[in-house]
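Let's take a walk through this protein together, one piece at a time. Have a look at the picture before reading on.

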Amino acid sequence: MFYICMCNIVFIHQPKGELQMGANNKVISILKHSDHENSFSSQATDEIIKRAQARTNLFEYNCNVLENMVLPPVRDEYITIKSSGDSKSDDEKNAWAKIVELSDNLIKSDIWLFSLPMWNFGIPYTLKHYIDLITQQGLFFTYDENGPAGLMKNKSAILVISSGGIYKEEPLKNYDLSTAYLKLWLGFCGISDIFVVRVDGTAMPGFELEAILQDPSIDRAVEIISSQNYPGKAGDQAAAA
Ligand SMILES: Cc1cc2nc3c(=O)[nH]c(=O)nc-3n(C[C@H](O)[C@H](O)[C@H](O)COP(=O)(O)O)c2cc1C
């Protein structure tokens, strides 16, 4: 197996025969804030993928690193445009083409894995910038008779969120706006199956990443990626209902 790095995107290539290509292959789209070697969220994400690979080769993944990407500005006139209209300026058409390009991996994948630190109780500006660019009517949501409706169906999301403090319990529980915001936004896009891995307490005395990597939440994330019947998959939700 070898890896090819193109810009921010890493594709796994395996020798012919080793990777069982086909309809059963899941696609995981990883979006990292950073892939710096000391990044806790990145290291935890890499460990999840490594363990999932040890279980099965019935998935492929791509990885985009927001910190390394040059994102265009978010402009109000880009939000509602569709490039097909002849009346659109070249600037607007180019902006729309870029938005479609940036959205492509997520739209085509089965599982979204977002890997990020908590910054000032919320998400880093890199991810917010990306979300503000791609969250477009016709791509991620539409409107029906009941109002906004997410277009992302049969997908699951895994959030690997690292924080200096510990927010899963009181007194800080209500301060974690990163998880709350991402769950809300994912729900808006149509994804309700969301699993959170907390790489937390990194600023606390005695923190060791190794201990977090032994947490059952890491195993569950591995399970979601490596299982053919991950929770968001079509049919499973119907079966569970
Ligand atoms: C700009 C900035 C803001 C931060 N804000 C918070 C915060 O609100 N709460 C918290 O617990 N940690 C905060 N931290 C600490 C990071 O969340 C923590 O170091 C995390 O483990 C970094 O993850 P990473 O190594 O994946 O980047 C902040 C760090 C930075 C650089």
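## A first look

Of the 241 residues in the protein chain, 30% count as buried. Here, buried means that 20 or more other C-beta atoms lie within 10 Å of the residue's own, exposed means 12 or fewer, and partly exposed is in between, with C-beta atoms placed from the backbone. What you're looking at is a predicted model, where local features need pLDDT of at least 70, side-chain atom pairs count only at pLDDT 80 or more, and totals for chains, interfaces and linings use all residues. Residues are numbered from 1 along each chain as its sequence is written.

The pLDDT score is the predictor's confidence in each residue, from 0 to 100. The chain has a mean pLDDT of 87, and 83% of its residues reach 70 or more. Residues 1-21 stay under 50, and the model has 27 contacts beyond four places in sequence for them. A contact means that two C-beta atoms, placed from the backbone, lie within 7 Å.

## Strands and helices

The chain's secondary structure comes to 8 helices and 9 strands. Helices (H or I, at least four residues) and strands (E, at least two) are DSSP runs, numbered from the N terminus. Two strands pair if DSSP finds at least two bridges between them.

Which order do the 5 strands of the open sheet have? The order is β4-β3-β5-β8-β9, with parallel pairing. At the edges sit β4 (59-65) and β9 (193-200), each pairing on one side only. From one strand to the next, the twist averages 15°. Strand β8 (residues 156-163) runs parallel to β9 and is joined to it by 8 bridges; S156, for example, has D193 in β9 as its bridge partner.

Helix α5 (residues 177-189) lies across β5 (111-117), β8 and β9, at about 165° to β8. Axes like these are lines fitted to C-alpha atoms, for helices over the stretch in contact, and angles run from 0 to 180 degrees between N-to-C directions.

Now for a hairpin: β6 and β7 form one with 2 residues between them. Strand β6 (residues 141-144) and strand β7 (residues 147-150) pair in the antiparallel sense over 4 bridges, and T142 has A149 in β7 as its bridge partner.

## Around the ligand

Of the 16 residues around the ligand, S41, P117, S162, G164 and T202 come nearest. Being near means having a C-beta atom, placed from the backbone, within 6 Å. Helix α1 (40-55) and β8 each supply at least two residues of this shell, and α1 gives the most, with 3 residues.

## Some backbone details

Two residues other than glycine have a positive phi, as the table shows.

| Residue | Phi | Place |
|---|---|---|
| F121 | near 70° | loop between β5 and α4 (125-134) |
| N154 | near 60° | loop between β7 and β8 |

Why does F121 count as partly exposed? Because F121 has 16 C-beta neighbours inside 10 Å. N154 is partly exposed too, with 15 such neighbours inside 10 Å.

The loop between β8 and α5 holds P171, and the peptide bond from E170 to P171 is cis, with omega near 10°. Finally, E60 sits in strand β4 and is partly exposed, because 18 other C-beta atoms lie within 10 Å. E60 and N25 are 35 residues apart in sequence and 6.9 Å apart in space, C-alpha to C-alpha.
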